[in-house]
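Here is a short, friendly tour to read alongside the model. Please keep the viewer open as you go.

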Amino acid sequence: MPDTPSFDVLTPLVHKIQGWVVELVVMLPNLVIASLIALVGLLAARWIPRVVLRGLLRATRNEPVSRLIASLCRVAVIAVGALWALTVLHLDKGVTSMLAGVGVVGLAIGFAFQDIAANFMSGFMMAVSQPFKVGDIVELAGRQSRVIRIDLRATEVETLDGLSIVIPNKEVFQNAIVNYTRTKHRRMELEIGSAYCDDLATVRRVVTEAVQQIPHRDHARAIELFFESFGDSAITSRVRVWLEDSSQLAYVEARSEAMIAIKRAFDAHHITIPFPIRTLDFGAKVVGGARLDEMKLAVAG
């Protein structure tokens with residue numbers, strides 16, 4: 001009886017399956033070991049980042065950086081466990097090829113999302129250098145604001161008039177940052193105008209005495225007053241007073257009280273804060289050669 005064609009077709013398939021079964025039996029110990037390594041890696045990926053996070057928070061109290069480092073530790077532990085398990089299964093060559101492909105894909109993604117990467121890097125650098133912290137009064141994006149939240153991607157602030165603004169960390173890191181809270185002292189300046197008929201020595205004495213007792217003044221530093229320019233209708237001067245409290249509320253309150261005190265002192269000593277003055281010369285010629293006084297007489301006639 002001749003051999004059936006179906007048996008000849010199935011023979012290679014049977015041999016292939018038998019070979020796979022033999023390889024599975026041979027690799028069974030490696031498979032068990034790789035599974036144990038993967039299990040230990042997953043457990044370590046949950047335990048090690050927590051320990052690292054607690055230690056970093058105790059040492060630095062920098063939560064964004066601490067959480068980032070803990071996340072990187074989790075990824076590193078998982079990657080090491082996976083690579084070790086695949087090596088036990090003799091799949092390290094495939095892993096190398098896969099990592100090369102992932103590197104190319106990562107490079108393409110990096111170019112596509114370079115602004116996002118720049119924000120994360122800026123956030124990391126800011127978390128390390130800490131130019132400000134939550135609650136500080138700072139000047140960002142041209143506005144004075146209170147810092148509400150600092151993330152690795154963006155910084156959330158609240159302006160002094162109650163508006164919420166989220167600023168990408170790239171813009172924050174690459175521009176000037178004015179921190180009004182970091183220093184304990186702040187200087188308040190106020191420009192003053194006095195009439196040309198007033199005695200400047202008297203103006204200096206009256207202004208200096210008037211601002212002696214304004215709120216938040218630092219009595220350890222002297223009050224400074226300098227005359228700056230001869231204006232159109234007044235001689236301008238600038239008084240400088242150092243404050244013990246650098247907050248914006250203290251600054252505004254001290255400036256307001258200084259204005260009230262100076263105005264009251266000027267009234268008591270009959271010192272004039274002049275209005276803008278304009279002088280009209282009716283003898284000057286205008287367009288056409290006519291004089292203003294002649295034009296006035298012509299209109300009146």
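## Ground rules

Two strands count as paired if DSSP finds at least two bridges between them. Strands (E, at least two residues) and helices (H or I, at least four residues) are DSSP runs numbered from the N terminus.

This is a predicted model, in which local features need pLDDT of at least 70 and side-chain atom pairs count only at pLDDT 80 or more, while totals for chains, interfaces and linings use all residues. Residues are numbered from 1 along each chain as its sequence is written, and side-chain values use heavy atoms, with hydrogens and water left out.

## The five-stranded sheet

Let us begin with strand E2 (residues 143–150) and strand E3 (residues 154–159), an antiparallel pair held over five bridges. In this pairing, Arg146 sits opposite Glu158 of E3. E3 in turn runs antiparallel to E4, with five bridges between them, and here Glu156 faces Val166 of E4. The hairpin of E3 and E4 has four residues between the strands, and Gly162 adopts a positive phi near 90 degrees there.

These strands belong to an open, antiparallel sheet of five, in the order E4-E3-E2-E1-E5. Strand E4 (164–168) and strand E5 (178–179) are at the edges with a single partner strand each, so one side of each has no neighbour in the sheet. Strand E5 includes Asn179, which is buried at a relative accessible area of 16% (buried means under 20%, exposed over 50% and partly exposed in between, with a 1.4 Å probe and protein chains only). Asn179 and Asp136 are 43 residues apart in sequence, yet their C-alpha atoms are 7.1 Å apart in space.

## A second hairpin

Strand E7 (residues 224–230) pairs with strand E8 (residues 235–243) in the antiparallel sense over six bridges. Four residues form the hairpin connection from E7 to E8. Across this pair, Leu225 stands opposite Val239 in E8.

## Salt bridges

How many salt bridges are there, taking a side-chain nitrogen of Lys or Arg within 4 Å of a carboxyl oxygen of Asp or Glu? The count comes to 13. One of them joins Arg143 and Asp161, with the closest N and O atoms 3.3 Å apart. This pair links distant parts of the chain, 18 residues apart: Arg143 is in strand E2 and Asp161 in the loop between E3 and E4. Arg143 is partly exposed at 34% relative accessibility, whereas Asp161 is exposed at 54%.

In the second hairpin, Glu228 forms a salt bridge with Arg238, the closest N and O atoms being 2.8 Å apart. Glu228 lies in E7 and Arg238 in E8, so the pair ties together parts that are 10 residues apart in sequence. Within helix H7 (residues 248–268), Asp267 and Lys263 are four residues apart, about one turn of the helix. Salt bridges that share partners also join Arg187, Glu189, Glu191, Glu224, Glu228, Arg238 and Arg240 into one network. As for Asp267 and Lys263, their salt bridge has its closest N and O atoms 2.7 Å apart.

## A positive patch

Finally, look at the surface patch of positive charge formed by Arg46, Arg50, Arg54, Arg58 and Arg74. Patches are made of residues with over 30% relative accessible area and no salt bridge, with like charges joined within 9 Å and nonpolar side chains within 5 Å. Helix H1 (residues 5–59) gives the most to this patch, with four residues. Arg58 is found in H1 and is exposed, at a relative accessible area of 69%.

Conventions. Accessible areas come from the Shrake-Rupley method with a 1.4 Å probe; for residues, only the protein chains shown count as cover. Lys and Arg count as positive and Asp and Glu as negative; His and the chain ends are not counted. The place of a charge is taken as NZ of Lys, CZ of Arg, CG of Asp or CD of Glu.
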